[in-house]
Amino acid sequence: MAISRACPICGASSDNAKVFQQEDIDQSRMSGFSYASRKEPEYMCHKMVRCPVCDLVYVSTPPAQDELAQAYHVADYDSSDEAADAARAYIKAMKPILDQMQRRERVLEIGSGTGVLLDLLQDHGFSDLVGVEPSSAAINAAPAHRRDWLREGIFREEDYEPGSFDLICCFMTMEHVQDPMATARSAAKLLRPGGTFVTVTHDYRSFVNRAMGKRSPIIDIEHMQLFSQASIRQLMERCGLADISVRPFVNRYALSYWIRLAPLPLKLKRGLQQGTQAIGLGNMKIGLNVGNTIAAGFRPLD
């Protein structure tokens, strides 16, 4: 049975929160891709409210943790091309953060998918690579050389030694966890002094997401919360991180993928996808600022 919760960042009661989206779930439309990454938007969601204190949008009565874990465990996976494009955009956006790091040795990625980002981080000097991923399909889709890096399951702080990582990444995953503050605090504890916690999240206050409203891909049954730049900064501050940076960045995907995300009638969308492929433009990479934010905070030196 779902239990009402307070704001998962600041603890303010949901009694004073304003409704952001009403529940809209059609069980007949649920599929193996409903909890898959980079799927075609379904525009289904749990009831979401906006906290007047920290600006977080969150599901006030989320599914149980075990229910969420099972949904991700059995989810399908078919986004390897988009995952590689996303990882390249993340690395580019992370460069100023990586340049500030004094040590690049051990990295943990929470929600690692097939481990493509870990591959790129290895190219940037990291030698001890660890990823945790709840989807067995994503891990099975990983190439053989990444398999030893990946652990199947939900991230748990107790599975790792405190103060043992130089970098912890959590990209497009903080929206999905039931307790984002607990995840952030655990990450802070697992960092070495001077280590860095980096997130990528949707910004529901960005122009593109406000313009699309209910037809934005961020309105999704998977999302237990949605961040603004203000609320992700508060999360970083509240878990004791310092030198915090929060900024938007550009994603680069194939034109066919941007069309898949567009809030268009399905028949028109399919026609555009077929047409762009027929004239050789479907795989053309296009960079857009679609309202995603990269945020980083450093564990203070002892």
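This short talk walks through a sheet, the helices around it and a few single residues. Keep in mind that the model is predicted.

Let's start with the sheet. Seven strands form it, and it is open. The order is β6-β5-β4-β7-β8-β13-β10. Pairing within the sheet is mixed. In general, strands of a sheet pair through backbone hydrogen bonds, either parallel or antiparallel.

Which strands sit at the edges? They are β6, residues 150-152, and β10, residues 242-248. Each of these pairs on one side only. From one strand to the next, the twist averages 15°.

Now take one pair from that sheet. Strand β4 covers residues 106-110, and strand β7 covers residues 165-171. The two run parallel, joined by three bridges. Look for Glu109: its bridge partner in β7 is Cys169.

Next, what lies on the sheet? Helix α5, residues 180-190, packs on it. This helix touches β4, β7 and β8. The direction of α5 makes about 150° with that of β8. Then there is α2. Helix α2 lies across β7, β8, β10 and β13. It runs at about 20° to β13, which spans residues 292-298.

Stay with α2, and bring in α3. Helix α2 is residues 80-100, and helix α3 is residues 116-123. Their axes come within 9 Å. They cross at roughly 40°. An angle from 35 to 65 degrees is neither roughly parallel nor roughly perpendicular, so α2 is oblique to α3. The crossing of the two is right-handed.

Who makes that contact? From α2, we have Ala83, Ala84, Ala87, Arg88, Tyr90, Ile91 and Met94. From α3, we have Val116, Leu117, Leu120 and Leu121. By class, the contact has 10 nonpolar residues, no polar ones and one charged.

Let's look closer at α3. Which residues of α3 are buried? Val116, Leu117, Leu118, Asp119 and Leu121. The cover over those buried residues includes α2, β4, β5, β6 and β7. Here β5 is residues 128-133. Just after α3 comes Gly125, with a positive phi of about 105°.

One α3 residue gets its own moment: Asp119. Is Asp119 buried or exposed? Its relative accessible area is 15%. The cut-off for buried is under 20%, so Asp119 counts as buried. Its contacts, leaving aside neighbours within four places in sequence, are His145, Arg146 and Trp149. For a sense of distance, compare Asp119 with Ser4. They are 115 residues apart in sequence and 40 Å apart in space, C-alpha to C-alpha.

Step back to the loop between β4 and α3. Thr114 lies there. Thr114 has 6% relative accessibility, so it counts as buried. From Thr114 to His176 is 62 residues in sequence and 17 Å in space, C-alpha to C-alpha.

Last stop: Thr201, in strand β8. That strand spans residues 191-202. Why does Thr201 count as buried? Because its relative accessibility is 1%, and buried means under 20%. What does Thr201 touch? Set aside its neighbours within four places in sequence. Thr201 is then in contact with Met172, Met174, Glu175, Phe227, Ile232, Gly291, Asn292 and Thr293.

To recap, the sheet is open and mixed. Helices α2 and α3 cross right-handed. Asp119 is buried, and Thr114 counts as buried as well.

How values were computed
Residues are numbered from 1 along each chain as its sequence is written. This is a predicted model: local features need pLDDT of at least 70, side-chain atom pairs count only at pLDDT 80 or more; totals for chains, interfaces and linings use all residues. Side-chain values use heavy atoms; hydrogens and water are left out. Axes are lines fitted to C-alpha atoms, for helices over the stretch in contact, and angles run from 0 to 180 degrees between N-to-C directions. Helices (H or I, at least four residues) and strands (E, at least two) are DSSP runs, numbered from the N terminus. Angles under 35 degrees count as roughly parallel, over 145 as roughly antiparallel, 65 to 115 as roughly perpendicular and the rest as oblique. A crossing is left-handed if the near helix is turned anticlockwise from the far one by less than a right angle, and right-handed if clockwise. Contact means heavy atoms within 4.5 Å. Ala, Val, Leu, Ile, Met, Phe, Trp, Tyr, Cys and Pro count as nonpolar, Asp, Glu, Lys and Arg as charged, and the others, Gly among them, as polar. Two strands pair if DSSP finds at least two bridges between them. Buried means under 20% relative accessible area, exposed over 50%, partly exposed in between (1.4 Å probe, protein chains only).
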